[in-house]
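Here are some notes on how the parts of this chain meet, set out as numbered points for the file. Please read them with the model open.

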Amino acid sequence: MIKLALFAGDGIGTEVAGEAVNVLKFLFDSNSVRYEIEEDLVGGASYDEYKKPITEKALKIAKDADAVIFGAVGGPKWESLPIELRPEKALLTLRYDLELYANLRPAKIYDELIDASPLKKDVVQGTDMMIVRELTGGIYFGQPRGIFDLEDGQKKGVNTLVYTTKEIERIAKIAFEISRKRRKKVLSVDKANVLECTELWRQVVARVSKEYPDVELTNMYVDNCSMQLIRQPKSFDVIVTTNMFGDILSDESSMVAGSIGMLPSASLNGKKGMYEPIHGSAPDIAGQNKANPIAAILSVAMMLRYSFDMDNLAEKIEVAVGKVIKNGYRTADIYSNAAGTKLVGTKEMGRAVIEELKK
Ligand code: NAD
């Protein structure tokens, strides 16, 4: 019996997670897979009900589950709350408490969506990369942190970039393992010329690479990498990097792929994982049936692959999404008015994927 936790969250999180779960239920039911899904509020929805972004009960559901499906959290309604009570805290708490230290973010361009990318066709065509971002360490978690009063009446804002050898080793191993299922190239991104912490990062990744003599390791500074991602995105295979650099570079890579609404992610600790689209709750289009559910649907495919070794079912979803795109279905974010395309909403896109799975 597969045990899943479902936290749809706020805004379009509820809309896209709903479609992803519909696809998953159809696939499980038609393949006689036994499962149960326990759902709870997180983010702003949890704050409104319980005055905290995530409750102990929700955390327990997540801990007891084999995998977590997450939508998105946040919105203007909760922006003025203290940081500890903001919706985004739910996400950080889940990542930290479940020790989801490896965040996998694939960015792949579908040939039919090349026009949706702001980059030129010959630059993006063939792009297929995987960003492996360290998720539970680095500057987002390091201590000390805070805003402190100085004696002269000024204030001082502090965050701390810190990584231990163990933290770097385990994320590097994930990157090398994944590259073996791909083109066997790992690029480690750091700022070793300025930050001692990432000098250690570079040394440890180089040491781990000796266990993977079949994989080619190269290094790049983050500023250069942000330039090369736009200049020659198809040259990248697996990129492994720190929490903050990965956060920024993966959003940049989403533009290469056309829309943030197309990009799934997995956050792993061994087999246990949390699966979510990389986008947020998109308050500007929430509740209007406009959100692209493909990132959420592809996140469920990643769950089948990485948590349950159901590669065949994962592939079924990925193939169905590819066909739906080929057949011209487009949500507004990827619509380009090209011949043979039709503008559809969130629900219609989800249904189109299920119809493809039925064939
Ligand atoms: P966002 O990702 O929500 O939206 C950025 C832009 O992309 C918006 O124009 C939005 O309409 C569009 N977009 C995003 N997902 C889309 C989809 N599936 N289909 C079509 N268009 C889509 O980022 P933001 O506007 O900076 O943040 C909004 C809220 O979400 C904030 O409260 C932020 O803190 C939160 N957030 C949450 C997560 C998360 O839960 N993982 C991630 C990022 C931001």
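1. In this predicted model, a salt bridge joins Arg 105 to Asp 251, with 3.8 Å between the closest N and O atoms. Because the rule admits a nitrogen within 4 Å of a carboxyl oxygen, the pair of Arg 105 and Asp 251 qualifies at 3.8 Å. Across the interface of domain 1 and domain 2, the rule finds two salt bridges, and the count of residue pairs in polar contact between these domains, both residues being at pLDDT 80 or more, is seven.

2. On the side of domain 1 that touches domain 2, α4 (88–97) and β4 (102–108) each supply at least two residues, and β4 gives the most, with seven residues. Sorted by class, that side of domain 1 has 13 nonpolar, two polar and four charged residues.

3. As for the division itself, domain 1 is made up of 1–109 + 260–359, while domain 2 covers 118–256. The C-alpha centres of the two domains lie 24 Å apart, and 19 residues of domain 1 are in contact with 24 residues of domain 2.

4. The area that domain 1 and domain 2 bury between them comes to about 2,000 Å², with 62% of it on carbon and sulfur atoms. Of the area that domain 1 buries against domain 2, Tyr 101, Arg 105 and Ile 109 supply 34%, which is more than any other three residues; Arg 105, named here, is also the residue that forms the salt bridge with Asp 251.

Conventions
Residues are numbered from 1 along each chain as its sequence is written. This is a predicted model: local features need pLDDT of at least 70, side-chain atom pairs count only at pLDDT 80 or more; totals for chains, interfaces and linings use all residues. Side-chain values use heavy atoms; hydrogens and water are left out. Domain bounds come from an automatic or database domain assignment. Contact means heavy atoms within 4.5 Å. Buried area is the accessible area (1.4 Å probe) that two parts lose on being put together, summed over both. A salt bridge is a side-chain nitrogen of Lys or Arg within 4 Å of a carboxyl oxygen of Asp or Glu. A polar contact is a pair of N or O atoms within 3.5 Å; within protein, one must be able to donate a hydrogen and the other to accept it, and residues adjacent in sequence count only if both atoms are side-chain atoms. Helices (H or I, at least four residues) and strands (E, at least two) are DSSP runs, numbered from the N terminus. Ala, Val, Leu, Ile, Met, Phe, Trp, Tyr, Cys and Pro count as nonpolar, Asp, Glu, Lys and Arg as charged, and the others, Gly among them, as polar.
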